Amino acid sequence: MGRIFITGSSDGLGLRAAQQLVARGHTVYLHARNARRAEDARNACPGAADVLLGDLSSIEETKALAASVAALGPLDCIFHNAGLYLGPYREQAEGYPAVFAVNVLAPYLLTCLAPRPRRLIYTTSGTHWSGSGGLDDLGWRARQRAGRFGNGGGAYADTKLHNIMFGFAFARRFAAEGVVAHSVDPGWVPTKMGGAGAPGDIRETERLYVMLAEGSGEAEGKSGCFWAYGKRGPARPKEDACDEAAQDALLEKLAEITGVAVPE
């Protein structure tokens, strides 16, 4: 059985996947941004081994969370599930919008600072098709100053493209160590984020999450793939995400922003 850490697992898909994995006999560590949500997570998934705390909109708290993950010992999977969706511009302590901090900076920092597990999974979205991989205004700060942030839909789409780029880039970077990396689009399913009227079958998303966390089924023996709701086997994302030079440029820019480089 595996040892699995899932970010953003106090509710939604992260919690549902955790419940499924615990039921299958895995040791699962949950994550919540504060003590109140941690208590909710413990009550909803009492079989979880522990709940780690950390507000992923803060670079410093994310670094502290990476240290907490390291203290757990070797892991089989880190599932980067936490994410923010639409909403007004909310600046976090280091000056970037929260949607960029949670969706991009946090999984980048955790990947770089936590000991590498056997599998790294990054949650993306179908909105990545409208995202841009351009680095001129990474984080949307200039566009916010120009009054163009709106409800954050464009910024969110960019972050979801970046998440797919993570899956490809880290699969390449860590291949020699035997580390597997993927990205996954969970589809539009009825969760707090997706809304009660979402048309998708949440059980299919749970199946996809469990498969990737375990490295089982269609995912067995594969790395560097994009997986999408309703697809059996790897899917094809927006072509921009597959550009290795763009992937490397993104990692270099994030190293500049955070002061943390990808380990060699």
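Which loop holds G194? I began with this residue and placed G194 in the loop between β6 (180-185) and α7 (202-214). The model I am reading is predicted.

**Entry 1: G194**

I looked up the exposure of G194 and found a relative accessible area of 23%. I therefore enter G194 as partly exposed, since buried would require a value under 20%. I then asked what G194 touches beyond its neighbours within four places in sequence, and I noted contacts with W188 and V189. I also checked G194 against G12: the two are 182 residues apart in sequence, and their C-alpha atoms lie 9.5 Å apart in space.

**Entry 2: the whole protein**

I counted the secondary structure next and recorded 8 helices and 7 strands. The radius of gyration is 17 Å, close to the 18 Å that the globule rule gives for 264 residues, so I describe the protein as being as compact as a globular protein of that length. Along the principal axes, I found that the C-alpha atoms fill a box of roughly 50 × 40 × 40 Å.

I looked up burial and noted that 54% of the 264 residues are buried. For the accessible surface I wrote down about 11000 Å², with 49% of this belonging to carbon and sulfur atoms. I turned to contacts between residues at least 6 apart in sequence, and 70% of these join residues at least 24 apart.

**Entry 3: the largest pocket**

How much volume does the largest pocket have? I recorded about 1200 Å³. The lining of this pocket comprises 45 residues, and I listed A82, G83, L84, Y85 and M193 as the closest to its centre. I then looked for the elements behind this lining: α1 (12-23), β2 (27-32), α4 and α6 each supply at least two of its residues. Sorted by class, the lining of the largest pocket has 18 nonpolar, 19 polar and 8 charged residues.

**Entry 4: the largest cavity**

Rolling a probe the size of a water molecule over the atoms shows where empty space is left. I applied a threshold of 30 Å³ or more and noted 3 cavities. The largest cavity has a volume of about 50 Å³.

Which residues line the largest cavity? I listed F100, S132, G134, D137, L138, G139, W140, R143, A155, D158, T159 and H162. I asked which element gives the most to this lining and found helix α6 (residues 153-173), with 4 residues. By class, I divided the lining of the largest cavity into 4 nonpolar, 5 polar and 3 charged residues.

**Entry 5: the second largest cavity**

I closed with the second largest cavity, which holds about 40 Å³ of space. I recorded H80, A82, V102, N103, P107, T123, K160 and N163 as its lining. The elements giving two or more residues to this lining are α4 (98-113) and α6. I noted that α4 gives the most, with 3 residues. The class division for the second largest cavity is 3 nonpolar, 4 polar and 1 charged.

On comparing my lists, I marked A82 as a lining residue of the second largest cavity and as one of the residues closest to the centre of the largest pocket. I marked helix α6 as well, since it contributes to the linings of the largest cavity, the second largest cavity and the largest pocket.

Definitions and conventions:
Residues are numbered from 1 along each chain as its sequence is written. This is a predicted model: local features need pLDDT of at least 70, side-chain atom pairs count only at pLDDT 80 or more; totals for chains, interfaces and linings use all residues. Side-chain values use heavy atoms; hydrogens and water are left out. On a 1 Å grid over the protein atoms alone, a cavity is a set of points where a 1.4 Å probe fits but cannot get out, and a pocket is an open set with protein on both sides within 12 Å along at least five of seven lines; lining residues have an atom within 4 Å of a point. Grid points are joined across faces, edges and corners, and a volume is the space filled by probe spheres set on the points. Ala, Val, Leu, Ile, Met, Phe, Trp, Tyr, Cys and Pro count as nonpolar, Asp, Glu, Lys and Arg as charged, and the others, Gly among them, as polar. The radius of gyration is taken over C-alpha atoms; the globule rule is 2.2 Å times the number of residues to the power 0.38. Buried means under 20% relative accessible area, exposed over 50%, partly exposed in between (1.4 Å probe, protein chains only). Contact means heavy atoms within 4.5 Å. Accessible areas come from the Shrake-Rupley method with a 1.4 Å probe; for residues, only the protein chains shown count as cover.
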